[in-house]
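Hi,

Here is the structure I promised to pass on. Have a look at it first, and my notes follow below.

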Protein chains: 2
Amino acid sequence: MASRLTPEREAELYAAVLDLLREVGYDALTMDAVAARTRSSKATLYRQWGSKPQLVAMALRHDKPVRIDEIDTGSLRGDFALMLERTDDCRMEKDAALMRGLAHAVHNNPELLQAMRELLVEPEMNSLDEMLQRAVRRGEVDADNPALKLMPHMLIGAFIARPLIDDRPVDAAFLTDYVNAVVLPSLGA
Amino acid sequence: MASRLTPEREAELYAAVLDLLREVGYDALTMDAVAARTRSSKATLYRQWGSKPQLVAMALRHDKPVRIDEIDTGSLRGDFALMLERTDDCRMEKDAALMRGLAHAVHNNPELLQAMRELLVEPEMNSLDEMLQRAVRRGEVDADNPALKLMPHMLIGAFIARPLIDDRPVDAAFLTDYVNAVVLPSLGA
């Protein structure tokens with residue numbers, strides 16, 4: 001799909017989309033504005049990404065600081081530790097602000113919800129699931145442990161509840177506590 | 001605070017507030033509309049509840065189908081089981097829709113966020129914490145188990161992630177799975 005653009009050009013476009021999202025929000029963001037800011041044609045944007053929801057979802061995915069699918073240390077505890085080591089607190093807070101801003105747009109735009117599910121949430125969940133399945137194959141976690149399929153729920157809870165309940169941003173220290181206190185015990189690891 | 005109204009009258013007022021919330025949303029809900037619908041004076045409403053955010057938070061609190069502070073079966077597993085038994089799936093879905101509608105208003109109204117924290121979230125969390133502390137005193141959970149203070153985060157995850165990830169409403173069956181797979185194992189119970 002992205003064959004016509006260089007990775008650098010793609011990264012530039014995604015960065016411009018996120019800047020615009022922060023400046024004007026999802027509803028006011030137009031493909032015209034993205035085209036103008038990046039000196040590209042709207043035709044190119046539509047050919048490459050299909051629609052505004054898809055472009056936004058891909059920009060958010062590209063911005064993810066940690067690539068779970070690149071992590072494979074040989075143990076589940078090590079995989080989580082490396083994931084948290086690669087977590088950048090400042091960046092995570094910026095991302096969280098962006099996602100909060102999008103929460104409302106998602107409610108009112110079923111297409112955006114679908115694009116975010118397909119292009120952002122599912123690939124992330126699949127990578128996480130592969131990480132867990134490797135732990136199952138190594139015998140670290142029982143194959144029928146019911147917590148395996150509840151991992152997204154546990155992690156989303158950490159991200160949503162930290163600001164809501166504790167009035168503090170999610171950072172690597174908090175996530176480390178959460179993984180050690182909730183995630184690993186539920187997996188029996 | 002509520003000394004001037006009978007419990008029946010209070011319940012009527014709260015029900016009217018929730019009806020209006022569902023009909024017009026938080027931003028468009030006015031104290032005038034609540035007064036008109038309930039045939040009360042605005043002065044009474046302000047004297048009794050202080051402000052719109054506080055009235056809305058109290059109405060939501062009053063609507064909670066399960067009173068955690070009334071549950072004490074003598075075991076942690078039993079307490080969770082009774083809590084889930086008292087959970088009404090239809091009512092929970094209606095409540096979830098209402099809370100989703102409020103999510104945006106909370107972002108834009110710091111006063112509403114504060115009222116919901118003080119009048120709705122904190123009392124609920126305190127009741128839950130008392131339930132957990134009883135389990136600690138009975139020796140079912142270690143006093144220094146780090147999952148004790150992460151209970152709200154785990155539970156919020158279940159409520160938020162179920163529709164988002166699984167595209168299904170939260171119901172008693174799902175919550176039972178979640179409590180057995182995540183909550184109780186993290187508590188070592």
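A word on the annotation first: UniProt positions are given in the numbering used here, feature names are shortened, and annotations may be inferred rather than shown by experiment. This is a predicted model, where local features need pLDDT of at least 70 and side-chain atom pairs count only at pLDDT 80 or more, while totals for chains, interfaces and linings use all residues. Residues are numbered from 1 along each chain as its sequence is written, chains are lettered from A and ligands numbered from 1 in the order in which they are written, and side-chain values use heavy atoms, leaving out hydrogens and water.

The unreviewed UniProt entry puts "domain: HTH tetR-type" on residues 7-67 of chain A. That stretch of chain A is 82% helix and 0% strand (helices being DSSP runs of H or I, at least four residues, and strands runs of E, at least two, numbered from the N terminus).

Now helix 3 of chain B, residues 42-49. Its buried residues (under 20% relative accessible area, 1.4 Å probe, protein chains only) are T44(B), L45(B), Q48(B) and W49(B). They span an arc of only 100 degrees around the axis (taken from the directions from the helix axis to the C-beta atoms), so they sit on the same side of helix 3 of chain B. They pack against helix 1 (7-28), helix 2 (31-38) and helix 4 (52-63) of chain B. Just after helix 3 of chain B, G50(B) has a positive phi of about 85 degrees.

As for the two chains, a turn of 180 degrees with a shift of 0.0 Å along the axis lays chain B on chain A with an RMSD of 0.0 Å (least squares on C-alpha atoms of residues with pLDDT of at least 70 in both). The two copies are thus related as by a two-fold rotation axis.

Cheers

Methods
Buried means under 20% relative accessible area, exposed over 50%, partly exposed in between (1.4 Å probe, protein chains only). Contact means heavy atoms within 4.5 Å.
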